[in-house]
Amino acid sequence: MNSTPVSVKTFPPAASEGWTISFIERKSRYWLEASAGLKAAELFEQGVQRAWQWAEPSAWIRWFTDGERRYGKALWKLASVYLPSHLSSDAYPYRKVWREGLEVAIKIKGSQGKPRVEWLNVEHPWTALSALSEVHANHLEAFNSALRRRATAYRRRQNHYAKQVEGLQRALDVQRLIHNWVRPHGSLGKARTPAMAMGFIQRPLKLSEILLARGFESLTL
């Protein structure tokens, strides 16, 4: 029997185009944004900008991330403001701060299972800090695990595997549509979807309704 060796090319993680960033509204579990691409500044800026469009109208915002500093750097460009000179003092010498009502924190992964919490920048003087027990991204981490089980694009299974960025992004858009509008979430109560928790609709949608609706594209926004 003759056999032909197959050469396999390996790439460092940073060179992979299959990185995914997601943003979820914690209370309603509404999946705000999902972007796929190369792990570069452009991907973080694009994802943060779209998520900030959802959050910006709110008076009070708690923005927690899983430890990647590039989230905070991209948000700093969008949500930082300069305090008037009469509000600065020796006790609080910074003039460029987060806008009022915005709390930003990141979770730094500690060693031996002991997590540490670190705030990116000095908080706005009028914004109270959340308790350390509440500063976590557990909801999103649990969702990431569920997404890997549900989305075949993350598993190498013949044609179901997304070999292009466009294919992965398309799979993410479909999963986000089902998550928000079709599949009820157990933590929200019986037969309640994230879209219902946000007040967008009064009942779960069926896939047939979505596919036949003229406003199909608007549901993915």
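**Buried loop positions, helix α4 and enclosed space in the predicted model**

S130 is buried, its relative accessible area being 12%, below the 20% that bounds the buried class. The structure is a predicted model. S130 belongs to the loop that runs between β7 (116-118) and α3. In sequence, 68 residues separate S130 from R62, while the C-alpha atoms of the two lie 8.5 Å apart in space.

The protein as a whole contains six helices and seven strands. Along the sequence the elements come in the pattern β-β-α-β-α-β-β-β-β-α-α-α-α, with four helices at the end of the series. Of the 221 residues in the protein, 35% are buried. Among contacts with a separation of 6 or more, 53% are made by residues 24 or more positions apart. The exposed area of the protein is about 14,400 Å², and carbon and sulfur atoms account for 53% of that area.

Helix α4 (165-181) was examined for its length and its cover. The helix has 17 residues, for which a rise of 1.5 Å a residue predicts a span of 24 Å; the C-alpha atoms at its ends are 24 Å apart, so the expected and computed values agree. The expected span is 1.5 Å times one less than the number of residues. The buried residues of α4 are G167, L168, Q169, L172, Q175, R176, L177, I178, H179, N180 and W181. An α-helix has 3.6 residues a turn, so residues three or four places apart point the same way. L168, L172, Q175 and H179, which are among the buried residues of α4, can be read with that spacing in mind. The cover over the buried residues of α4 includes the strands β1 (19-25) and β2 (30-37), together with the helices α3, α5 (194-197) and α6 (207-212).

The loop between α3 and α4 holds A162, which counts as buried because its relative accessibility is 18% and the limit for this class is 20%. When residues up to four places away in sequence are left out, A162 touches A153, G167 and L168. G167 and L168 are themselves among the buried residues of α4. The C-alpha atom of A162 is also separated by 8.7 Å from that of G18, a residue 144 positions away along the chain.

One cavity of 30 Å³ or more was found. The largest cavity has a volume of about 30 Å³, and its lining consists of W31, F143, A146, L147, R150, Q175, H179 and R183. Two elements, α3 and α4, each give two or more residues to this lining. The greatest share comes from α3, with four residues. Q175 and H179, both in the lining, are buried residues of α4. By class, the lining of the largest cavity comprises four nonpolar, two polar and two charged residues.

The second largest pocket has a volume of about 180 Å³. Its lining is made up of I24, R29, H139, A142, F143, A146, R150, H179, R183, P184 and H185. Helix α3 (residues 138-150) again contributes the most, here with five residues. Five nonpolar, three polar and three charged residues make up this lining. F143, A146, R150, H179 and R183 appear in the lining of the second largest pocket and also in that of the largest cavity.

Positive phi values at residues other than glycine were noted at two loop positions, R29 and A191. R29, one of the residues that line the second largest pocket, lies in the loop between β1 and β2 and has a phi of about 65°. R29 is buried, with a relative accessible area of 17%. For A191, phi is near 55°. A191 is located in the loop between α4 and α5 and is partly exposed, since its relative accessible area is 41% and this class runs between 20% and 50%. Apart from its neighbours within four places in sequence, A191 is in contact with P184, M196 and P204. The C-alpha atoms of A191 and P204 are 7.2 Å apart, with the two positions 13 residues apart in sequence numbering. P184, another contact of A191, is in turn part of the lining of the second largest pocket.

Notes
Residues numbered from 1 in each chain as written. Predicted model: local features only at pLDDT ≥ 70, side-chain atom pairs only at ≥ 80, totals over all residues. Heavy atoms only, no water. 1 Å grid on protein atoms, 1.4 Å probe; cavity = no way out; pocket = protein on both sides within 12 Å on 5 of 7 lines; lining within 4 Å. Points joined across faces, edges and corners; volume = space filled by probe spheres on them. Nonpolar A, V, L, I, M, F, W, Y, C, P; charged D, E, K, R; others polar. Buried < 20%, exposed > 50% of the residue type's maximum accessible area, 1.4 Å probe, protein only. Contact = heavy atoms within 4.5 Å. Areas by Shrake-Rupley, 256 points an atom, 1.4 Å probe, with all protein chains shown as cover.
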